[in-house]
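Hi,

Here is the structure I promised to pass on to you. Have it open while you read, and click along as we go.

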Protein chains: 2
Amino acid sequence: MTDDTDHAQSARFAPTARSLPIALLRARETVMGPIRVMLQQSGISEQQWRVLRVLDELGEIEQSAIATGACLQLPSLTRMLRTMEADGLIARRTDEADRRRTLVRITDKGRALILAHLPDSAAIFSRLEERFGARNLKQLLDLLDELRRIDL
Amino acid sequence: MTDDTDHAQSARFAPTARSLPIALLRARETVMGPIRVMLQQSGISEQQWRVLRVLDELGEIEQSAIATGACLQLPSLTRMLRTMEADGLIARRTDEADRRRTLVRITDKGRALILAHLPDSAAIFSRLEERFGARNLKQLLDLLDELRRIDL
DNA sequence: CCCTAATGGTTGCTATGTTAAGTATTATCG
DNA sequence: CGATAATACTTAACATAGCAACCATTAGGG
């Protein structure tokens, strides 16, 4: 007998709760719950929200930089920016110094959308801080940031 | 002037590196890199991989339980299981006690597939442990597990 | 300079994400 | 017992994910 459970688990993968990719995903599901509720109010997707946040943070940048910052693939971004531009949330222009590049920036309308969610966002954050603990939260963010920089 | 940068960031969102959802996503991208390479060898998707891992861990379970464990939506799962069943990786049967439920289990072929990746998987894990630190890794997993249980 | 390679995006295709509506089965309550 | 609600999926429709192929532009080496 190689196993003491009733379903014959294969020899020796770590339990999924100790699998980093799965653990990251599950934790994220918890955190995203209230944020999804918030975003539904304005009919914007989670991905579009990330794009706006990154643009707000970094200013006018090229698409590759958005892709990196918002964890999106360039093909997805190409399609999303098309609709976001049509919705007036962002603006695009060709970089004249290097005509391969497209520079993207957030518009006032896009900025207004973000700002409209600031109170809700702050409320979610403080509830998280309260229930998870400020110390835990800081520690987690530090670890995640360190992990992100690792070269595998 | 409300800001000291050159691109007029909106008043007061935390930098995206300190946004938990984004930080979780970025960290996950780092970790998934080598795993994606591994999975490409067998032509299986990341999601199918999670399903197999969960089934291997939990035995024969209903689809809702897979959805929860693998962080998938039921509609996605419905479609995925159809192809996975056709590929012989999983098997389904109706629960006779409650005919609404479908019970799913991993097949020998499915089990063989994940076992085939055990060495690679272990190598990735140990490289991660080496570069990120065993202590950091444990601490991170503990924090993530605690976060997952929080009710927001 | 010119040819070739590299870079930045786009397009096409298939799979999955996400919401809403639909179906079959079971549970609940009057 | 019967109407209704709840549960466990399934289907449909559209957006995004992920890979590969392609295009335009720029960089580099002979």
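Before we start on the DNA, one definition: a residue is near a strand if one of its heavy atoms lies within 4 Å of it. Please also keep in mind that this is a predicted model.

**DNA strand D**

By that rule, 26 residues surround DNA strand D, and the closest are A:Arg79, A:Arg99, A:Arg100, B:Gln63 and B:Thr102. Which part of the strand faces the protein? Among the atoms of DNA strand D within 4 Å of the protein, 75% are sugar or phosphate atoms, and the rest belong to bases.

Some side chains are worth zooming in on. A:Ser76 has a side-chain N or O atom 3.1 Å from a phosphate oxygen of DNA strand D. From chain B, a polar side-chain atom of B:Ser64 sits 2.9 Å from a phosphate oxygen of this strand, and for a polar side-chain atom of B:Glu62 the distance to a phosphate oxygen is 3.2 Å. The elements that give two or more residues to this surface are, in chain A, helix 2 (46–58) and helix 4 (74–86) and, in chain B, helix 1 (20–42), helix 3 (63–70) and helix 4 (74–86). Helix 4 of chain B has the largest share, with five residues. Sorted by class, the surface near DNA strand D holds 11 charged, 10 polar and five nonpolar residues.

**DNA strand C**

Now turn to the other strand. How many residues lie around DNA strand C, and which come nearest? There are 27, and A:Ser64, A:Thr78, A:Arg79, A:Arg82 and B:Arg79 come nearest. Of the atoms of DNA strand C within 4 Å of the protein, 66% belong to sugar or phosphate, with the rest in bases.

A:Ser64 also shows up in the polar distances: one of its polar side-chain atoms is 2.4 Å from a phosphate oxygen of DNA strand C. B:Ser76 places a polar side-chain atom 2.8 Å from a phosphate oxygen, while for B:Gln47 the partner is a sugar or linking oxygen, at 3.0 Å. At least two residues each come from helix 1, helix 3 (63–70) and helix 4 of chain A, and from helix 2 and helix 4 of chain B. Here helix 4 of chain A gives the largest share, five residues. The classes near DNA strand C are 12 charged, 10 polar and five nonpolar residues.

**How the two chains relate**

What does it take to lay chain A on chain B? A turn of 180° with a shift of 0.0 Å along the axis does it, and the RMSD is 0.0 Å. The two copies are therefore related as by a two-fold rotation axis. Both copies use the same surface, with 100% of the contact residues of chain A recurring in chain B.

**Aromatic pairs between the chains**

Over all chains, the structure holds two aromatic pairs. In one of them, the ring centres of A:Phe13 and B:Trp49 are 5.8 Å apart and the planes stand at 75°, so the pair is edge-to-face. This pair crosses between chains: A:Phe13 is in the segment before helix 1 (20–42) of chain A, and B:Trp49 is in helix 2 (residues 46–58) of chain B. Both A:Phe13 and B:Trp49 are buried.

A:Trp49 and B:Phe13 form an edge-to-face pair too, with 5.8 Å from centre to centre and 75° between the planes. It runs from A:Trp49 in helix 2 of chain A to B:Phe13 in the segment before helix 1 of chain B. Are these two buried or exposed? A:Trp49 has a relative accessible area of 7%, so it is buried; B:Phe13, at 8%, counts as buried as well.

**Two more residues to look up**

B:Glu57 is in helix 2 of chain B. Its relative accessible area is 16%, so B:Glu57 is buried. The side chain of B:Glu57 makes a polar contact of 2.7 Å with the side chain of A:Thr16.

A:Val54 belongs to helix 2 of chain A. At 1% relative accessibility, A:Val54 counts as buried. Leaving aside neighbours within four places in sequence, its contacts include A:Ile61, A:Ile66 and A:Ala70, along with B:Thr16 and B:Arg26 from chain B.

Cheers

Conventions. Residues are numbered from 1 along each chain as its sequence is written. Chains are lettered from A and ligands numbered from 1 in the order in which they are written. This is a predicted model: local features need pLDDT of at least 70, side-chain atom pairs count only at pLDDT 80 or more; totals for chains, interfaces and linings use all residues. Side-chain values use heavy atoms; hydrogens and water are left out. A polar contact is a pair of N or O atoms within 3.5 Å; within protein, one must be able to donate a hydrogen and the other to accept it, and residues adjacent in sequence count only if both atoms are side-chain atoms. Helices (H or I, at least four residues) and strands (E, at least two) are DSSP runs, numbered from the N terminus. Ala, Val, Leu, Ile, Met, Phe, Trp, Tyr, Cys and Pro count as nonpolar, Asp, Glu, Lys and Arg as charged, and the others, Gly among them, as polar. Rings of Phe, Tyr and Trp (its six-membered ring) pair if their centres lie within 6.5 Å; planes under 30 degrees apart count as stacked, over 60 as edge-to-face and the rest as tilted. Buried means under 20% relative accessible area, exposed over 50%, partly exposed in between (1.4 Å probe, protein chains only). Copies are superposed by least squares on the C-alpha atoms of residues with pLDDT of at least 70 in both. Contact means heavy atoms within 4.5 Å.
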